[in-house]
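Thanks for coming. I have one structure to go through today, and I will keep to what can be computed from it or read from its record.

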Amino acid sequence: MSGYDPKAIEARWQSRWNEAGLFRTDGVDPSRKQYYCLEMLPYPSGKLHMGHVRNYAIGDAIARFHRMQGEQVLHVIGWDSFGLPAENAAIQKGEAPRRWTLDNIATMRTQLQRLGLGYDWNREIATCLPEYYRWNQWFFLRMLEKGVAYRTNRPLNWCDSCNTVLANEQVVSGRCWRCDSPVARRQFEQWFLRITDYAQELLDNLDRLEPWPEKVRTMQKNWIGRSEGAELLFDVDGSDLKIKVFTTRIDTTYGATYLALAAEHPDIQELIRDVPERDAVQAFLDEQLAHNLEDRFADAAEKLGVFTGRYAVNPFSGERVPIWIANFVLTDVGTGAIMSVPAHDERDFAFARKYGLTIRPVVKPVDGAVPDPETMTGAFSGYGTSCASAGFDGLATEEAKEAMGNHAEQNRFGKRTVTYRLKDWGISRQRYWGTPIPVIHCPDCGPVGVPDDQLPVLLPEEIEFTGEGGSPLARVPSFVETTCPTCKGPARRDTDTMDTFVDSCWYYFRYLDPKNSDQPFDWKKARSWFPVDLYIGGVEHATMHLIYTRFWTMMMRDLGLVDIDEPVNRLFTQGMVNKDGFKMSKSKGNVVDPDDLVARYGADTIRLFSLFAAPPDRGLDWNEAGVEGCYRFLVRLARTVDNVVSSLPGPGTPEPAGGCSGDALALRRKTHQTIARVTFNLGPRMHLNTVVSAVMELINTAAPLTEQVVGHDDDSGLAWALRECFESVSLLLTPFAPHFAEDIWERLGNAPFVSDSTWPVAREDLMEEDEVTVVVQVNGKLRARMFLPRGVDRDTALSKAREDEAVARHLDGKQVRKVIFVPDKLLNLVVG
RNA sequence: GCGAAAGUGGCGGAAUUGGUAGACGCGCCGGCCUUAGGAGCCGGUGGGGUAACCCGUGGGGGUUCGAGUCCCCCCUUUCGCACCA
């Protein structure tokens, strides 16, 4: 048994860990701290990719580290297994989505197991199974009861390629987050979750999520997009209609010279019913509404609009102002209608100039004159003093906001309000492979929730996939046709399924109680594991999953299910794995296959390289030569241990009575320094790449020393120090290369498992050097190094330094004006 | 345009947070071993210079005895948001 045969040892240790149930977590051990190490669960697309490998290698390293530190660790994996690819496979290859998904899970589970990841497989879940999704339905019904889930008709994002609507979070620069095709606007009757009820709390709590990356918190903050301002009602001249606008600058209302509506504004048809401009307006609307979102982005450069022929009345001044429809007014923002103040808003200004509309300054800059509307070349959007604003003249902007807000409220034509960019979460999807929405539409009773005792509403299996639009479930009469739970009359089931982001909102709560058939989970079993200590995943979920799951936790709290506000204590976003500077993709032909790598090098090498090649939060470029380097390191280490082990004292031999000296002492020092460094970098800092370096360094120190003990008598304690070193290395490498570490541990004569052993503790008394290097600088430039006993005082160091030839040369003929002395480190002589 | 992060050898990256820049690995060069080596081992490797030394962490200023690290300005790259009323 010598050399390094990863295939053999990895299979062997995986089955031994499994037999011993090493990574099972049963119940809660009150004598230990509970540590919940969580990684974002994978979508079972077919095969593991390197991004998964890196994600799970990081998580497993942290989980194993905490386990060895005596904490009770929960480390579980599951499958985010609803979603479109399964359905597309059905359309393209005729495979049943369920079969396709479960096959993929089986494949990928094997791949994960081959990596030697320490999961509690008894808690594995798959979100596509009725045991899981019935609780999505249960949650939906609870939200329906509380009014958190509601149904309404609203313009939504439509992906033509995915044939379904998308939530705002799932539209990236006008394109679908999944397939990158342009997104269109369509009006739909849909189910929404009232996430906006939690907007303020989602925002406020960000300050408390201090261990989260600043980047993610900023992204969420911007996404929630809180904006303070006021709503104002403008009467429409000659009509009962009132147009509600939102503004953050109520102080500029006297400068509002026109209103502008988004093309989707619901009152437009009423406004133009009887005006001569009707046809022109309709033509403009038709053109605008035909555009997809991406084209609208592209068109944004040019402001376009059309006059409706109608006028509104400024509630402050009584002035009649024209009502326009403009392409730069977005239906999702504010009320979808604005009062335009061209003198004080760049966009309004550009539009006004283009269409010859009135520009009227009503704010005087603090350090300048009121701009002249004839000659001004841009809007003044800063703060200043109100003017041309009747009774509000002379007020500073903040005061004017206050006074005019009060005035509007007293006269009931407006109120101060806060808007958010965040919109309610539309969760209906016109697709098959997802959680059926548990609602029955009755012609008499309207939408009625399915009674709890009829859950789960099962997805029908016999179904044909045509790829045509519309909800596939709508074509399954046996699914659709049912009776109303209230009146028992004939009724139809809702044929949409839930957004798959619902599934991932609460899966990590289910891990704590995965087989519960009475409720989603028993909080008594779960609470001591929450909040999740560390959550590792990609940053791409910053404004999707990570907002949804925070909302879901608050919602569960309000249902009385949990008593926490935030689910995750520390978030860690790992970087992408690239190849040759590019994202791995089939089209680029630069995909690296984990199976192939494991077959060639073994899982330990792959894991080691994933963690060594770059800091975990940064991108990692996959590099074959670097992998070789990690493999060589393991080979060399195995060989070194093999060569020396018979010359080492047996396991458990006490420290030599006479202590260690010379090389032995130096090695012990290095060993304990390494333990300290690894512990620090693995724990609070998560600089995993430097941990590997540190262990390599230790081996570079230890390996040459082994020759001194092989075939020689040893009276310095070196053999003992070498055993301490190699045992420590086994322990320190366990989070990174666990099979290898077990193997070395065993070769050193120790009983298994190193994975279940206690993390080593660095001995401070051994770490300190008795001789230190003190550098000598003259005027800040390095001139000499001195090797001095630890703790020498300033005067001794100074006289020692003066003896140095190079130092003396630079002091020659000059006056030492100042001496800076950092004990055991540095001496700086300032001369002049 | 706004916001955030980052720029260090030929490459990936270290630097315990103001105190020896370049740890560790890759690559490269030289040597040993070998019929041979894309294996292994040993040594070298920021640039310039025979040397003393000089230069060097994107560029320019500054603070300091001392700056990769702190401050100001600029450049570049990546990411996020993008007419947010």
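I will start with conventions, then take the chain as a whole, the RNA strand, and a few local sites.

This is a predicted model, so to speak of a local feature I need pLDDT of at least 70, and side-chain atom pairs count only at pLDDT 80 or more, while totals for chains, interfaces and linings use all residues. Residues are numbered from 1 along each chain as its sequence is written, chains are lettered from A and ligands numbered from 1 in the order in which they are written, and side-chain values use heavy atoms, with hydrogens and water left out.

First, the overall picture. The C-alpha atoms of chain A fill a box of roughly 110 × 85 × 50 Å along the principal axes. Chain A has 26 helices and 34 strands; these are DSSP runs numbered from the N terminus, with helices being H or I of at least four residues and strands being E of at least two. Of its 832 residues, 55% are buried, where buried means under 20% relative accessible area, exposed means over 50%, and partly exposed is in between, using a 1.4 Å probe on protein chains only.

How are the contacts spread along the sequence? Taking contact as heavy atoms within 4.5 Å, and looking at pairs at least 6 apart in sequence, 72% join residues at least 24 apart.

The domain assignment, which is automatic or from a database, gives domain 1 at 227-419, domain 2 at 624-767 and domain 3 at 771-831. The centres of domain 1 and domain 2, taken over C-alpha atoms, are separated by 72 Å.

Now the RNA. Which residues come nearest to RNA strand B? There are 50 residues around the strand, and the nearest are Thr247, Thr248, Arg347, Arg785 and Arg809; a residue counts as near if one of its heavy atoms lies within 4 Å. By class, this surface has 19 nonpolar, 15 polar and 16 charged residues. In that count, Ala, Val, Leu, Ile, Met, Phe, Trp, Tyr, Cys and Pro are nonpolar, Asp, Glu, Lys and Arg are charged, and the others, Gly among them, are polar. Helix 21, residues 688-705, gives the most to this surface, with six residues.

On the RNA side, 67% of the atoms within 4 Å of the protein belong to sugar or phosphate, and the rest to bases. Here are some individual pairs. A side-chain N or O atom of Lys781 is 3.0 Å from a phosphate oxygen of RNA strand B. Lys818 has a polar side-chain atom 3.4 Å from a phosphate oxygen of the strand. At Phe328 the partner is a base: a polar backbone atom of Phe328 lies 3.2 Å from a base nitrogen.

Next, the record. UniProt, in an unreviewed entry, places "domain: Methionyl/Leucyl tRNA synthetase" at residues 41-185; such annotations may be inferred rather than shown by experiment. The span is 44% helix and 19% strand, and its end C-alpha atoms lie 31 Å apart. The unreviewed entry also lists Lys586 under "binding site". Lys586 is in the loop between strand 29 (582-583) and helix 17 (594-601). Is Lys586 buried or exposed? Lys586 counts as exposed because its relative accessibility is 80%.

Helix 3, residues 84-93, has Leu84, Ala86, Glu87, Ala89 and Ala90 as its buried residues. These pack against helix 4 (97-114). Just after helix 3, Gly94 takes a positive phi of about 75°.

Finally, three single residues. Glu231 is in strand 10, residues 227-236, and counts as buried because its relative accessibility is 15%. Leaving out residues up to four places away in sequence, Glu231 touches Lys244, Val245, Phe246, Thr335, Phe413, Gly414, Lys415 and Thr417.

Ala603 is in helix 18, residues 603-612, and is buried, with a relative accessible area of 0%. Beyond its neighbours within four places in sequence, Ala603 contacts Glu10, Arg114, Leu115, Val598 and His739. Ala603 and Pro738 are 135 residues apart along the chain, with 9.3 Å between their C-alpha atoms.

Val635, in helix 19 (residues 624-644), counts as partly exposed because its relative accessibility is 24%. Val635 and Asp5 are 630 residues apart in sequence, but 9.0 Å apart in space, C-alpha to C-alpha.

Notes. Polar contact = N/O pair within 3.5 Å; in protein donor to acceptor, adjacent residues only side chain to side chain.
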